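Reader: I'm new to reading protein models. Could you walk me through a few features, one at a time?

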Amino acid sequence: MPPTSKRKRDPHDDGSDGEELAFGKQILPVADLPGDFDGEPMDGLQYLFTVRRDARRLPDFTRVSNPYASPESTIPQIPHSGSSSLSPHPALPTDDWCAILETRFSHFKANLNQPTAYAGLAHDAGRRSMPDKRERDLWWAFLEGKPESEWNITKTSTKKQKKQGKKQLGMRGWADEPEQEETSQVIIYESSLLNDEGEVEEVLRLDPTELLPTPSGTPAPSDPDTSMDDAAVSDVPTLTPREPTTKLIKLIDEPTALHLLMYFTHWINNHLEKGQDVFPPRSSHAHWIFALLSRIDDHVSADDMNLLRNLARACMALLRHRIERKLAPSTSASSDIPDSMTMEACWMIISIVVHVWKQKDLWMDAESMLRRFPATTV
């Protein structure tokens with residue numbers, strides 16, 4: 001049997017014969033007629049031309065109406081407390097105010113992110129300007145304006161203090177002689193006078209009230225113990241809460257800002273649950289929250305959005321608490337701290353979260369909260 005001969009592949013052959021023909025590809029010859037030809041086809045070539053021309057004029061697909069289709073039923077709209085069918089609560093910020101706030105917040109955020117937003121001394125990398133983001137208690141001391149020795153505490157210094165305390169306890173345990181308690185000094189108030197020879201003469205101190213000439217004279221001096229207590233209270237320095245500065249805000253990145261906003265949510269909730277003296281929200285805290293929100297990107301993850309929503313709900317709860325205290329006859333505004341966070345500041349924080357990050361449902365919740373109270377008292 002002779003060997004089968006194989007045909008060599010022509011290098012100029014494009015292989016079009018072996019490929020599967022595409023749909024609609026011309027196989028038979030077609031007459032070359034003008035596009036407006038309207039005569040009767042005389043042969044098969046002209047007939048194929050008219051067939052292909054009419055096929056190009058047909059639509060790509062057609063739709064037949066369903067004879068069994070039923071008319072669509074309209075679902076009645078249930079009026080919601082936050083829908084446009086009801087007039088907005090008079091205490092709710094207006095749309096114009098929210099639009100202006102959103103615009104100015106965007107401008108503030110853009111200006112803060114400029115590389116030349118702060119032209120000052122370079123930051124010293126070896127010195128801490130603020131506590132670490134995981135040190136919540138130290139951050140509260142920092143915001144309250146306490147000295148650096150109370151908030152600039154590193155983990156290494158804390159470990160050293162613990163080791164020194166253990167070392168001192170061990171040395172006391174092996175001491176041969178027991179420690180002697182320091183005797184308290186008893187202060188005896190006596191009066192001393194100088195006689196004619198220059199010697200000190202001790203005399204008995206009399207009651208100052210007995211030395212007064214008349215009952216209507218000079219009042220008796222105050223108790224020395226009470227005066228010492230008053231002096232001790234006056235010597236305590238008043239702390240000024242720290243305000244956010246451009247230098248500090250530029251050092252805070254987005255993860256740190258979200259962490260600190262979570263702290264503010266925790267402090268506000270604890271203040272509402274445990275009492276007025278526990279983590280009181282201050283006006284400086286509102287400034288910090290406003291500045292920290294400017295460090296958050298417009299597009300955040302679901303977990304980060306949950307943190308922002310919790311912050312807005314905490315401010316909403318603080319608003320409700322302030323309104324309830326205002327309506328309660330047994331409470332007064334004098335019991336609040338002088339620099340407490342105002343209701344306007346709460347509305348600014350809520351509005352930024354709602355309009356910048358498009359959380360419109362929180363606005364409806366705020367309006368529902370306001371409708372629990374009379375419009376004239378809010």
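Reader: Which hand does the crossing of helix 8 and helix 10 have?

Author: In this predicted model, the crossing of helix 8 and helix 10 is left-handed. Helix 8 covers residues 254–274 and helix 10 residues 302–327, and they pack at an angle of about 30 degrees with their axes 9 Å apart. Angles under 35 degrees count as roughly parallel, and therefore these two helices are roughly parallel to each other.

Reader: And which classes of residue make the contact of helix 8 with helix 10?

Author: There are twelve nonpolar, five polar and one charged residues in that contact. Helix 8 contributes Leu258, Leu261 and Ile268, among others, while the helix 10 side includes Asp304, Leu307 and Ala314.

Reader: Now, how should I think about salt bridges?

Author: Side chains of opposite charge can pair when their charged atoms come close. Here the count comes to nine salt bridges. One of them joins the side chains of Asp298 and Lys109, at 2.9 Å from N to O. Asp298 lies in the loop between helix 9 and helix 10 and Lys109 in helix 2, so the pair ties together parts that are 189 residues apart in sequence.

Reader: Is Lys109 buried or exposed?

Author: Buried means under 20% relative accessible area, so Lys109, at 12%, counts as buried. Its partner Asp298, at 41%, counts as partly exposed.

Reader: Which residues are linked in a network of salt bridges?

Author: Take a look at Glu144, Arg282 and Asp339, which are linked in such a network.

Definitions and conventions:
Residues are numbered from 1 along each chain as its sequence is written. This is a predicted model: local features need pLDDT of at least 70, side-chain atom pairs count only at pLDDT 80 or more; totals for chains, interfaces and linings use all residues. Side-chain values use heavy atoms; hydrogens and water are left out. Axes are lines fitted to C-alpha atoms, for helices over the stretch in contact, and angles run from 0 to 180 degrees between N-to-C directions. Helices (H or I, at least four residues) and strands (E, at least two) are DSSP runs, numbered from the N terminus. Angles under 35 degrees count as roughly parallel, over 145 as roughly antiparallel, 65 to 115 as roughly perpendicular and the rest as oblique. A crossing is left-handed if the near helix is turned anticlockwise from the far one by less than a right angle, and right-handed if clockwise. Contact means heavy atoms within 4.5 Å. Ala, Val, Leu, Ile, Met, Phe, Trp, Tyr, Cys and Pro count as nonpolar, Asp, Glu, Lys and Arg as charged, and the others, Gly among them, as polar. A salt bridge is a side-chain nitrogen of Lys or Arg within 4 Å of a carboxyl oxygen of Asp or Glu. Buried means under 20% relative accessible area, exposed over 50%, partly exposed in between (1.4 Å probe, protein chains only).
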